[in-house]
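Biologist: I should like to learn how to read burial, contacts and charge pairs from a set of coordinates. May we take these features in turn?

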Amino acid sequence: MRFDPTLLPPGLLDAEMELNVYRIVQEALGNAARHSQARRIWIGGHIVDDAVRLVVGDDGIGFDGSARGRGLGLDGMSERAAIHGLEVEVRSQPGSGTRVEIVVPLPTPAFRPELQIGPAANINP
C-alpha cells in the first residue's frame, strides 16, 4: 500500500469529520484487501477548490456495479457520507481495478484562519 501523509496538513478537518472520513477510507481499504485480488492499493489526496478529495484505488479485478447488488460495505460508506454531507463515488470495471473517491467540503476559511493562504493570512489587525 502507498500513502504520503504530507499530502494533507494535520488539523484540516474537525475531529468528528476526520473520524467519519477515516471510517470510509478504512472500509474502502478493507474491501480492496478482501475482494480485489490487487497487487497494489493506494490512497491519494489533494485539496481542490473548497474540498478535500481522497481516492482509495487498487489495480485488482474490479467489478461491474450494474450487474451485482451493492454490499453492506459500499452501502455503509454511502450512508455515512450522506449523513455527514460528503460525497462518495465508486468507479470500477471488470479487469480495471476500483477507485473510491471521497469529497469532503472544507470549512469556510473565515472560520478557519489557519487555512488562509497568501498575504492576507499574515496581516495583523
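Modeller: Let us begin with burial: a residue is called buried under 20% relative accessible area, exposed over 50%, and partly exposed in between. Please bear in mind that this is a predicted model.

Biologist: Is V88 buried, partly exposed or exposed, and why?

Modeller: V88 has a relative accessible area of 21%, and because the range for partly exposed starts where buried ends, at 20%, V88 counts as partly exposed. This residue sits in strand β4, which covers residues 87–92.

Biologist: Which residues does V88 touch, apart from those up to four places away in sequence?

Modeller: With that exclusion, the contacts of V88 are I24, M77, A81, V100, E101 and I102. Sequence separation and spatial distance may also be read side by side: V88 and V103 are 15 residues apart in sequence, yet their C-alpha atoms lie 6.5 Å apart.

Biologist: How should I read the largest nonpolar core, and which members touch the most others?

Modeller: The general idea is a set of buried residues of certain kinds, joined through side-chain atoms within 4.5 Å. Here the largest such core has 20 residues, and V21, V25, L86, I102 and V104 touch the most other members. At least two core residues come from each of α1 (15–35), β3 (51–58), α2 (72–83) and β5 (98–105). Helix α1 gives the most, with 5 residues.

Biologist: What does L86 touch, leaving out residues up to four places away in sequence?

Modeller: L86 is in contact with M17, V21, I24, A81, V103, V104 and P105.

Biologist: Let us turn to charge pairs. How many salt bridges are there?

Modeller: Side chains of opposite charge can pair when their charged atoms come close. The count in this model comes to 4 salt bridges. In one of them, R34 pairs with E27, with the closest N and O atoms 3.3 Å apart. R34 is exposed at 54% relative accessible area, whereas E27 is partly exposed at 26%.

Biologist: Which residues form salt bridges with R91?

Modeller: R91 meets E89 at 3.5 Å, N to O, and E101 with closest N and O atoms 2.9 Å apart. The pair of R91 and E101 links distant parts of the chain, strand β4 and strand β5, across 10 residues. R91 is partly exposed at 37% relative accessibility, and E89 is partly exposed at 41%. E101, at 14%, counts as buried.

Biologist: Which residues are joined into one network by salt bridges that share partners?

Modeller: That network consists of R53, E89, R91 and E101.

Key: Residues numbered from 1 in each chain as written. Predicted model: local features only at pLDDT ≥ 70, side-chain atom pairs only at ≥ 80, totals over all residues. Heavy atoms only, no water. Buried < 20%, exposed > 50% of the residue type's maximum accessible area, 1.4 Å probe, protein only. Helix = DSSP H or I, 4+ residues; strand = E, 2+ residues; numbered from the N terminus. Contact = heavy atoms within 4.5 Å. Salt bridge = Lys/Arg side-chain N within 4 Å of Asp/Glu carboxyl O.
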